[in-house]
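Please open the model in a viewer and keep the selection panel at hand. The stops below are meant to be followed in order.

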2 protein chains.
Amino acid sequence: MTARISLAEVQAAAARIRQYAHRTPVWTCNSLDVQVGAQVFFKCENFQKAGAFKFRGACNAVFSLDDDEAASGVATHSSGNHAGALALAARLRGIQAHVVIPRTAPPVKMAAVKAYGGIITTCEPTLKSRESTLKDVVAKTGASFIHPFNDARIIAGQGTAAMELLDEVPELDLVLAPVGGGGLLSGTAVAVSELSPETKVFGAEPANADDAYRSMKAGRIIPSEDPRTIADGLRTSLGSLTFPIIQERVENIVLVSEEAIISAMRYVWERMKIIIEPSAAVAVGAVLNGDLDISGKRVGIILSGGNVDLERLPW
Amino acid sequence: MTARISLAEVQAAAARIRQYAHRTPVWTCNSLDVQVGAQVFFKCENFQKAGAFKFRGACNAVFSLDDDEAASGVATHSSGNHAGALALAARLRGIQAHVVIPRTAPPVKMAAVKAYGGIITTCEPTLKSRESTLKDVVAKTGASFIHPFNDARIIAGQGTAAMELLDEVPELDLVLAPVGGGGLLSGTAVAVSELSPETKVFGAEPANADDAYRSMKAGRIIPSEDPRTIADGLRTSLGSLTFPIIQERVENIVLVSEEAIISAMRYVWERMKIIIEPSAAVAVGAVLNGDLDISGKRVGIILSGGNVDLERLPW
């Protein structure tokens with residue numbers, strides 16, 4: 001099966017979003033390197049606009065629309081970061097964003113959408129309610145639906161983070177990204193496999209939401225049903241566009257326990273003095289926990305985001 | 001009264017610590033700039049080794065010792081960051097650090113001292129207990145006492161942060177640093193007043209520990225007695241070396257309420273995605289709260305540290 005997203009699309013996305021997105025820094029942590037016996041390079045998407053890598057894809061999608069399409073605005077459903085990212089990208093283009101959010105989403109993420117001028121419609125936290133609510137919103141507004149991950153423009157946009165990472169830190173042995181719906185992981189896999197074929201790409205997934213792991217084993221998409229994990233950005237399951245890319249270009253999926261996620265999140269807060277959200281900590285947990293053999297290697301990790309509800313910390 | 005610390009001493013400190021200390025980054029925050037109507041540049045000493053600017057002074061003091069003095073180690077008393085910083089600096093020189101810490105200090109700060117190989121002796125949280133315990137330790141070990149702030153080597157070392165800030169961001173209208181014992185503020189004042197005479201220096205102090213403010217008004221040191229503030233690094237009062245420098249070279253002291261400190265800390269965590277401790281948030285609070293007229297100005301803020309006990313957050 002051939003991948004449906006090309007490096008050229010990632011490069012076009014990079015050019016399209018350059019004037020809007022941050023080129024985030026790549027950081028290292030000496031005490032972590034000593035502890036894991038490797039050189040780890042963190043691509044800090046927690047410092048991205050709207051607080052997560054999601055802004056890359058959303059920005060690429062919004063600025064890919066022609067003027068007629070754009071005039072009716074954009075719409076999406078999202079548990080959080082994609083919603084804020086889309087709202088900000090829409091505001092930067094001067095168009096309206098309509099966002100369907102489950103009423104159980106972290107308040108901090110809802111507040112971000114509002115702050116960026118997005119219009120929120122809440123739904124029940126079920127697939128059915130989300131889809132019917134979104135359908136209503138699109139019918140009413142004529143907005144273009146921008147799926148949070150199963151969209152070529154989104155995947156290409158997310159791939160720009162790994163592109164920048166490789167540009168700054170060449171000759172990585174492996175790159176690790178968290179996987180939920182697979183937008184970040186598939187975009188990362190396209191960029192890395194084309195730009196640095198000898199670099200292996202791994203996904204990091206909560207053991208409690210292991211649909212990507214099971215889908216890879218089975219060779220077909222096996223969705224998770226109502227997974228319970230603190231990594232709220234990773235509760236979604238792979239999509240029809242992201243799965244084949246991951247199947248073809250990702251080495252393996254590493255499962256990370258809830259304890260390891262929380263402990264990695266705290267490690268990064270305490271040692272690196274930066275705020276990462278649980279979803280970002282999943283990839284760090286995969287490394288700190290020793291589940292992946294990285295001894296002596298050069299490892300890139302995409303720290304996917306930093307949007308945390310400070311009222312509800314897991315310790 | 002002439003200042004007792006010269007720019008040359010700050011420059012010598014910079015040369016001495018260069019190979020050990022981080023040159024920390026200077027960051028900006030667009031949403032904060034919009035909110036306060038100014039350009040604010042944050043010198044991120046929360047990313048300094050041992051998590052605070054204190055490493056600069058401690059490192060300068062430790063590497064100022066001649067080999068004979070160094071052989072007996074160093075000793076200090078500290079509520080926290082100076083202790084960790086001194087322990088790390090001593091380890092880098094391969095000598096022993098003895099630290100007297102009140103038993104009420106945040107556990108995370110004690111843990112840091114131990115992790116860096118420092119030997120801890122706990123005392124009661126009173127001046128008397130601290131001094132007698134320290135005296136015993138010095139008598140027993142022959143270690144050189146390195147005061148947390150009232151020491152020319154410490155003051156010169158702390159001044160290197162502002163030196164780097166001015167090097168990277170010239171033509172600042174004012175520089176703001178938190179004030180406890182005054183090591184950071186006096187070092188900052190020496191560096192700024194000599195290198196950029198048109199830049200004004202302000203101190204930011206918790207209203208609940210306002211000894212610097214009162215001392216400036218009175219023209220003599222008026223210590224705080226058992227001040228209660230969340231900014232645990234700023235509970236100490238000015239010393240005989242720091243006060244005259246501050247009196248001569250600091251424009252004014254801005255008082256910041258506990259509510260404003262907590263709110264500023266949270267603002268930085270949520271918007272900038274970086275961890276700062278309450279003492280660092282005091283200077284941010286002075287700006288966010290509108291207590292200082294910075295409209296249209298270029299403002300430098302020393303974010304003094306990022307050592308926070310994540311078990312005891314103030315919200």
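The tour begins with the whole model, moves to the interface and its symmetry, and ends at individual helices.

This is a predicted model, in which local features need pLDDT of at least 70, side-chain atom pairs count only at pLDDT 80 or more, and totals for chains, interfaces and linings use all residues. Residues are numbered from 1 along each chain as its sequence is written, while chains are lettered from A and ligands numbered from 1 in the order in which they are written.

**Whole model.** Colour chain A by pLDDT, the predictor's confidence in each residue, from 0 to 100. Chain A averages 95, and 99% of its residues score at least 70. For the complex, the predictor gives an ipTM of 0.92 and a pTM of 0.94.

**Interface.** Select the residues of chain A in contact with chain B, where contact requires C-beta atoms, placed from the backbone, to lie within 7 Å. There are 13 such residues in chain A, facing 13 residues of chain B. The chain A side comprises six nonpolar, three polar and four charged residues; here Ala, Val, Leu, Ile, Met, Phe, Trp, Tyr, Cys and Pro count as nonpolar, Asp, Glu, Lys and Arg as charged, and the others, Gly among them, as polar. Of the interface residues of chain A, 100% are also interface residues in chain B, so the copies meet through the same surface.

**Symmetry.** Superpose chain A on chain B by least squares on the C-alpha atoms of residues with pLDDT of at least 70 in both. The operation is a rotation of 180° with 0.0 Å of shift along its axis, at an RMSD of 0.0 Å. The two copies are thus related as by a two-fold rotation axis. Now select Ile274(A), whose C-alpha is the nearest to the axis in chain A, at 2.1 Å.

**Helix 7 of chain A.** Select residues 127-141; helices are DSSP runs (H or I, at least four residues) numbered from the N terminus. These 15 residues reach 21 Å from first C-alpha to last, close to the 21 Å expected at 1.5 Å a residue, the expected span being 1.5 Å times one less than the number of residues. Just after helix 7, Gly142(A) takes a positive phi of about 75°.

How values were computed: Helices (H or I, at least four residues) and strands (E, at least two) are DSSP runs, numbered from the N terminus. Two residues are in contact if their C-beta atoms, placed from the backbone, lie within 7 Å.
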